[in-house]
Amino acid sequence: MDIIQFPINTLNNFYEISGVEVGQHFYWQIGGFQVHAQVLITSWIVIAVLLGSAAVAVRDPQIVPTGAQNFVEYVLEFVRDLARTQIGEEEYGPWVSFIGTMFLFIFVSNWAGALLPWGIIKLPHGELAAPTNDINTTVALALLTSVAYFYAGLTKKGLGYFGRYIEPTPILLPINILEDFTKPLSLSFRLFGNILADELVVAVPVSLVPLVVPIPVMFLGLFTSGIQALIFATLAAAYIGESMEGHH
């Protein structure tokens with residue numbers, strides 16, 4: 001009985017650890033599931049900003065772009081160049097929208113967390129912050145990336161895609177399988193860790209010296225936030241290109 005009881009107790013301990021939380025959270029009950037309301041609220045705000053900006057920019061398109069249309073076309077061209085570089089000239093087209101969505105959502109989320117005064121919106125528990133400040137968001141984005149590159153590889157090569165696990169030698173099969181687990185892990189924890197660390201670095205000087213001193217730190221945070229969005233989008237495109245053998 002003691003031998004059987006040991007793994008049961010171990011599983012119970014892991015379950016208790018999984019319930020540990022940092023800070024307070026505001027929850028909603030949706031269909032029997034408990035979700036973080038802060039993340040949903042800020043994510044919807046970011047999505048609304050992106051959709052609203054796109055609608056305003058293209059509501060009256062001109063042959064010679066000006067103003068907002070010019071900016072939107074510049075961003076689109078930037079995303080196209082990124083996808084073309086990482087995926088390849090022949091295959092990048094269908095993936096521009098996916099890479100662009102990832103880049104813009106993360107970029108706007110990071111900047112929203114750094115610039116918007118979320119603290120003035122009071123919640124019953126917790127407070128609003130950037131969606132990417134929550135590990136659930138970054139894990140979801142990383143899993144979407146994993147699904148995307150599996151889909152790209154299977155669409156391009158069929159079941160032959162799985163032959164890459166035994167290349168260049170079957171001895172590397174465990175390592176190649178492990179790689180598919182480490183990719184989403186690295187994507188999610190890199191983004192989450194950097195955004196969380198940036199907010200903590202800004203919060204400390206703001207609490208100690210509210211004026212002047214935190215401003216350079218906030219500008220540095222804006223820069224690193226943009227870099228993190230670029231890194232995530234670049235790696236996502238690189239993984240998709242690798243699965244289709246693009247230019248790799």
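# Exercises on salt bridges, helices and pockets

Aspartate 180 is buried, with a relative accessible area of 10%. The model examined here is predicted. The exercises below begin with this residue and then move to other parts of the chain.

## Exercise 1. A buried acidic residue

Identify the salt-bridge partner of aspartate 180, and state where the two residues lie.

*Solution.*

Step 1. The partner of aspartate 180 is arginine 164, and their closest N and O atoms are 2.9 Å apart. This separation satisfies the criterion, since a salt bridge requires such a nitrogen and oxygen to be within 4 Å.

Step 2. Aspartate 180 belongs to helix α6 (residues 173–208), whereas arginine 164 sits in the loop between α5 and α6, so the pair ties together parts that are 16 residues apart in sequence.

Step 3. Arginine 164 has a relative accessibility of 16% and counts as buried, because the limit for a buried residue is under 20%.

## Exercise 2. Salt bridges between distant parts of the sequence

Determine how many salt bridges the whole structure contains, and describe the pairs formed by glutamate 91 and by lysine 183.

*Solution.*

Step 1. The search of the whole structure returns six salt bridges.

Step 2. In one of these, glutamate 91 is paired with lysine 156, with a distance of 3.2 Å between the closest N and O atoms. Glutamate 91 is in the loop between α3 (67–87) and α4 (96–115), and lysine 156 is in helix α5 (residues 135–157); the pair therefore ties together parts that are 65 residues apart in sequence.

Step 3. Glutamate 91 counts as partly exposed at 22% relative accessibility. Lysine 156 also counts as partly exposed, at 42%.

Step 4. Lysine 183 and glutamate 242 meet through their side chains in a salt bridge with an N to O distance of 3.4 Å. Since lysine 183 lies in helix α6 and glutamate 242 in helix α7 (residues 214–243), this pair ties together parts that are 59 residues apart in sequence.

Step 5. Lysine 183 counts as buried at 6% relative accessibility, whereas glutamate 242, at 33%, counts as partly exposed.

Step 6. Asp81, Arg84 and Glu89 are joined into one network by salt bridges that share partners.

## Exercise 3. The chain and its annotated spans

Describe the secondary structure of the chain, and examine two spans annotated as "transmembrane region".

*Solution.*

Step 1. The protein chain has seven helices and two strands. Along the sequence they follow the pattern α-β-β-α-α-α-α-α-α.

Step 2. An unreviewed UniProt entry assigns the annotation "transmembrane region" to residues 35–58, 92–115, 135–154, 191–213 and 219–240.

Step 3. For residues 35–58, the chain is 88% helix and 8% strand, and 35 Å separates the end C-alpha atoms. For residues 219–240, the chain is 100% helix and 0% strand, with the end C-alpha atoms 32 Å apart.

Step 4. Of the 248 residues in the chain, 34% count as buried. Among contacts with a separation of 6 or more, 68% join residues 24 or more positions apart.

## Exercise 4. The second largest pocket

Which helices contribute to the lining of the second largest pocket, and which of them gives the most?

*Solution.*

Step 1. The second largest pocket has a volume of about 800 Å³. Its lining comprises 25 residues, of which Leu50, Val75, Gly100, Leu104 and Val108 lie nearest its centre.

Step 2. At least two lining residues come from each of α2 (37–57), α3 and α4. Helix α4 gives the most, with nine residues.

Step 3. By class, the lining of this pocket has 21 nonpolar residues, four polar and no charged.

## Exercise 5. A residue of helix α4

Is serine 109 buried or exposed, and which residues does it touch?

*Solution.*

Step 1. Serine 109 is located in helix α4.

Step 2. Serine 109 counts as buried, with a relative accessibility of 0%.

Step 3. Leaving aside residues up to four places away in sequence, serine 109 touches Val46, Ala130, Pro131 and Thr132.

## Exercise 6. The enclosed cavity

Which residues line the largest cavity, and how do they divide by class?

*Solution.*

Step 1. The search finds one cavity of 30 Å³ or more, and the largest cavity has a volume of about 30 Å³.

Step 2. The lining consists of Leu187, Arg190, Leu191, Gln228, Ile231 and Phe232. Helices α6 and α7 each supply at least two of the lining residues.

Step 3. The lining of the largest cavity divides into four nonpolar, one polar and one charged residues.

Notes
Residues numbered from 1 in each chain as written. Predicted model: local features only at pLDDT ≥ 70, side-chain atom pairs only at ≥ 80, totals over all residues. Heavy atoms only, no water. UniProt positions renumbered as here; feature names shortened; annotations may be inferred. Helix = DSSP H or I, 4+ residues; strand = E, 2+ residues; numbered from the N terminus. Buried < 20%, exposed > 50% of the residue type's maximum accessible area, 1.4 Å probe, protein only. 1 Å grid on protein atoms, 1.4 Å probe; cavity = no way out; pocket = protein on both sides within 12 Å on 5 of 7 lines; lining within 4 Å. Points joined across faces, edges and corners; volume = space filled by probe spheres on them. Nonpolar A, V, L, I, M, F, W, Y, C, P; charged D, E, K, R; others polar. Contact = heavy atoms within 4.5 Å.
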